[in-house]
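Please open the model in your viewer and set the side chains to be shown as sticks. This tour proceeds from one aromatic contact to the next.

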Amino acid sequence: MTPPLETPLHVLGRTNLDKYLIERAKLAAKTRGDVPENFRGRGAFIIGDENTFGEACAMMRRLRVQSMPLVRYKTPMNTEEYEALCFLSVGDLAATLVSKFDAAGATLDATESGDVISLMGRMATIGLELESLPLKHARTKWDGTVIWKSATAYHSLADALQRCLYVTPESKPGDVSLRAAPHRFAVMNDENFIEYVVSQSDVCMYLHTNRDILSPAWRDASVEELGLTSTPTVASVGASAPTIECFREMQRHRVGALPVVDEATQALVGTISESDITHLRGGASFAALALPVGEFLCHAHRLPAWTPSVERREGVFNPNSSAFAVALMQHADELVVSCAPTDTITQVLEKMDLKAVHRVWIVDEAGRPTGVISLADVLAVVSRIGMDAEEFEKSRAKMMVA
């Protein structure tokens, strides 16, 4: 007999949190190798508040994570006993970086200074100081919650969605409030040690893994039908913009990433995110923040900055496009993760999974970003759909007729 198809929230509702964590750990234990893709589910990776900014960047880069629990060890020589403080995210590192550069007056308007080389030197000097900064002096914001391990036996993933990640049936995709919602929660045992961390990405990828038992009304629904195209995009940045200014813009808009566009066509050519800060290796590398973001991304992702001649440009290429935009265009497959309004939610989650990203840009026919779909937006739709598959089928049918 074919099992009944379910809504995503129903699947989360019948998934016990404790059993989910146990099975996730078992699956991770079967995976061998020291590559980032094999780390998921192996427990919680923590970092001490005496560790430095540079060490945090290196750990997050190697593990390919965007946050780690920040702890204070009870004695300098004992890494077995600690007090959990908060989560340290790439956003915290970016905020610390921007505040340090602002305090030093490191502006990057070459038209005013006329000496980019000197500015790069100043930034390298600040970077050397920042690299050795203990994390206890870094800026941190509340970006996670905690649940006791004993309580996981009585909670489902649906409960955790609402009680730990603060995504409720009232949450709407694109709401500014979702940007402030916690992106993860820690599972703490009776000895006050963190055993697991569950993120928004974990929940979304759990649904994607179990997509075969989900209703076609969800699997085959377009992002437009699910109301995800109404999520507004934020201000984009041009490929020639100084990289440090891009990080400042993220801070101003309270977002974790910005679309990078070709100034001539406004077409999407890349993404700059807070996690790109982890590509900086050594204090002197902070000088690269003075580079145009198009050039910075090519270097950060170790891609050749190849610019074809005007005569050889096709498609989205424009004679007025900057060299930095054209360089990014050569690597669209690596640097751009986007979708059309008609793409299905399954296709979007597949891209998030394969590319290990937390957002997908919505683009129009000309390749211009018109919106963004974040993990929180997807979970908001899941929560609003509810448990009843039949009601969801009816509501989607009405949307399709309309």
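In what follows, a residue is called buried if its relative accessible area is under 20%. The coordinates come from a predicted model, in which 4 aromatic pairs are found.

Select F53 and F286 to begin. Their rings make a tilted aromatic pair, with 6.2 Å from centre to centre and 50 degrees between the planes. Colouring by position along the chain is helpful here, as the pair links distant parts of the chain: F53 belongs to helix α3 (residues 53-63), while F286 lies in the loop between β9 (268-273) and α12 (293-300). The two residues are 233 residues apart. Display the surface next: F53 and F286 are both buried.

Now move to Y82 and F193. This aromatic pair is also tilted, with centres 5.0 Å apart and planes at 35 degrees. Distant parts of the chain are again linked, across 111 residues: Y82 is in strand β3 (residues 78-89), and F193 is in the loop between β5 (184-188) and β6 (194-199).

Which of these residues is buried, and which is partly exposed? Y82 has a relative accessible area of 7% and is therefore buried. F193 has a relative accessible area of 22%, so F193 counts as partly exposed.

Keep Y82 and F193 selected and add Y73: together, Y73, Y82 and F193 form one aromatic cluster.

Finally, select F87 and R184. Here a charged side chain meets a ring: R184 lies over the face of F87, at 5.9 Å from the ring centre.

Note on methods
Residues numbered from 1 in each chain as written. Predicted model: local features only at pLDDT ≥ 70, side-chain atom pairs only at ≥ 80, totals over all residues. Heavy atoms only, no water. Phe/Tyr/Trp six-rings, centres within 6.5 Å; stacked < 30°, edge-to-face > 60°. Helix = DSSP H or I, 4+ residues; strand = E, 2+ residues; numbered from the N terminus. Buried < 20%, exposed > 50% of the residue type's maximum accessible area, 1.4 Å probe, protein only. Lys NZ or Arg CZ within 6 Å of the ring centre and 35° of its normal.
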